Amino acid sequence: MPLVTDAADTHAVLVAAPDARGSTWDIIQHGYGPDVGFLDRMLDRIFDAYAIDPARIAIAGFSDGASYALSLGLGNGALFSDILALSPGFAAPSRTEERPRIFIAHGREDPVLPFARCGDRIAAALIQSGYDVAYRPFSGGHIVPAEIVAMAFARFMS
């Protein structure tokens, strides 16, 4: 994950970068399924191998991964203290639990997941629902600028 290496090193954060079991995350195609099981097994292995502060666990993603991070993070707020969603398209939690902090960034000129319909709308809805949201729109398309990654990590570590 070259995109987050510098920020993870700066903050001494362990980053796990799983991929979807299919062409994209299961909820995007048909609802929760094998990806959740895979993530659960991955987290079990990480918790067994490393000393993890249970109060400082974030879930993050870009694009479809950001939508998945929002959906799982909102439904598992007792596990995830923070959600870092970079250019999300939607949030579809099957339930909500507790109130994780949320960082959302989205490019105003995003041609893939349009700004007004996606990031802007999602951030407004979460703020309206009472979540602690740090929202960072930026000039650009369907990308993740290094300064946005730095902001996301800084928010998580604060």
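Where is L113 found? In this predicted model, L113 belongs to the loop between strand 3 and helix 5. The report first sets out the fold as a whole and then returns to that loop and to other individual residues.

**Overall fold**

Six helices and four strands make up the secondary structure of the chain. In sequence order, these elements run α-α-α-β-α-β-β-α-β-α. The radius of gyration is 15 Å, which agrees with the value near 15 Å that a compact globule of 158 residues would have. Along the principal axes, the C-alpha atoms occupy a box of roughly 40 × 35 × 30 Å.

Of the 158 residues in the chain, 46% are buried. When contacts between residues at least 6 apart in sequence are considered, 55% of them join residues at least 24 apart. The exposed surface of the chain amounts to about 8000 Å², and carbon and sulfur atoms supply 55% of that area. As for charge, the chain carries 12 positive and 18 negative side chains. The centres of these two sets are 5 Å apart.

**The loop between strand 3 and helix 5**

L113 has a relative accessible area of 14%, and it is therefore buried, the limit being under 20%. Beyond the residues up to four places away in sequence, L113 touches S63, S87, P88, G89, H106, C118 and H142. One of these, S87, is 26 residues away along the chain, with a C-alpha separation of 7.2 Å from L113.

R117 also has its place in the loop between strand 3 and helix 5, the helix comprising residues 119-128. Its relative accessibility is 54%, so R117 counts as exposed. The C-alpha atoms of R117 and G89 are 8.0 Å apart, while the two residues are 28 positions apart in sequence.

**Two serines with positive phi**

Which residues touched by L113 precede P88 in the list of its contacts? They are S63 and S87, and each has a backbone feature to report. S63 is not a glycine, yet its phi is positive, at about 65 degrees. S63 is located in the loop between strand 1 (58-62) and helix 4. With a relative accessibility of 12%, S63 counts as buried.

S87 likewise has a positive phi without being a glycine, here of about 60 degrees. The loop that holds S87 connects strand 2 (82-86) and strand 3. S87 counts as buried, because its relative accessibility is 1%.

**S71 in helix 4**

S71 lies within helix 4, which spans residues 64-75. Is S71 buried or exposed? Its relative accessibility is 1%, so S71 counts as buried. A polar atom of the S71 side chain is 2.9 Å from the backbone oxygen of S67. Apart from neighbours within four places in sequence, the contacts of S71 are I27, Y32, F90, A91, A92 and P93.

**R101 in strand 3**

R101 is part of strand 3, which covers residues 101-107. Its side chain makes a polar contact of 2.9 Å with the side chain of D82. With neighbours within four places in sequence left aside, R101 is in contact with S81, D82, I83, D132, R155, F156 and S158.

**P145 and the N-terminal part of the sequence**

P145 is placed in the loop between strand 4 (133-138) and helix 6 (146-157). Its relative accessible area is 13%, and P145 is therefore buried. P145 is separated from L3 by 142 residues in sequence and by 8.7 Å in space, C-alpha to C-alpha.

**Sequence-distant pairs**

The three C-alpha pairs described above are collected here.

| Pair | Separation in sequence | C-alpha to C-alpha distance |
|---|---|---|
| L113 and S87 | 26 residues | 7.2 Å |
| R117 and G89 | 28 residues | 8.0 Å |
| P145 and L3 | 142 residues | 8.7 Å |

In the first row, L113 is buried at 14% relative accessible area, and S87 counts as buried at 1% relative accessibility. In the second row, R117 counts as exposed at 54%, whereas in the third row P145 is buried at 13%.

How values were computed
Residues are numbered from 1 along each chain as its sequence is written. This is a predicted model: local features need pLDDT of at least 70, side-chain atom pairs count only at pLDDT 80 or more; totals for chains, interfaces and linings use all residues. Side-chain values use heavy atoms; hydrogens and water are left out. Helices (H or I, at least four residues) and strands (E, at least two) are DSSP runs, numbered from the N terminus. The radius of gyration is taken over C-alpha atoms; the globule rule is 2.2 Å times the number of residues to the power 0.38. Buried means under 20% relative accessible area, exposed over 50%, partly exposed in between (1.4 Å probe, protein chains only). Contact means heavy atoms within 4.5 Å. Accessible areas come from the Shrake-Rupley method with a 1.4 Å probe; for residues, only the protein chains shown count as cover. Lys and Arg count as positive and Asp and Glu as negative; His and the chain ends are not counted. The place of a charge is taken as NZ of Lys, CZ of Arg, CG of Asp or CD of Glu. A polar contact is a pair of N or O atoms within 3.5 Å; within protein, one must be able to donate a hydrogen and the other to accept it, and residues adjacent in sequence count only if both atoms are side-chain atoms.
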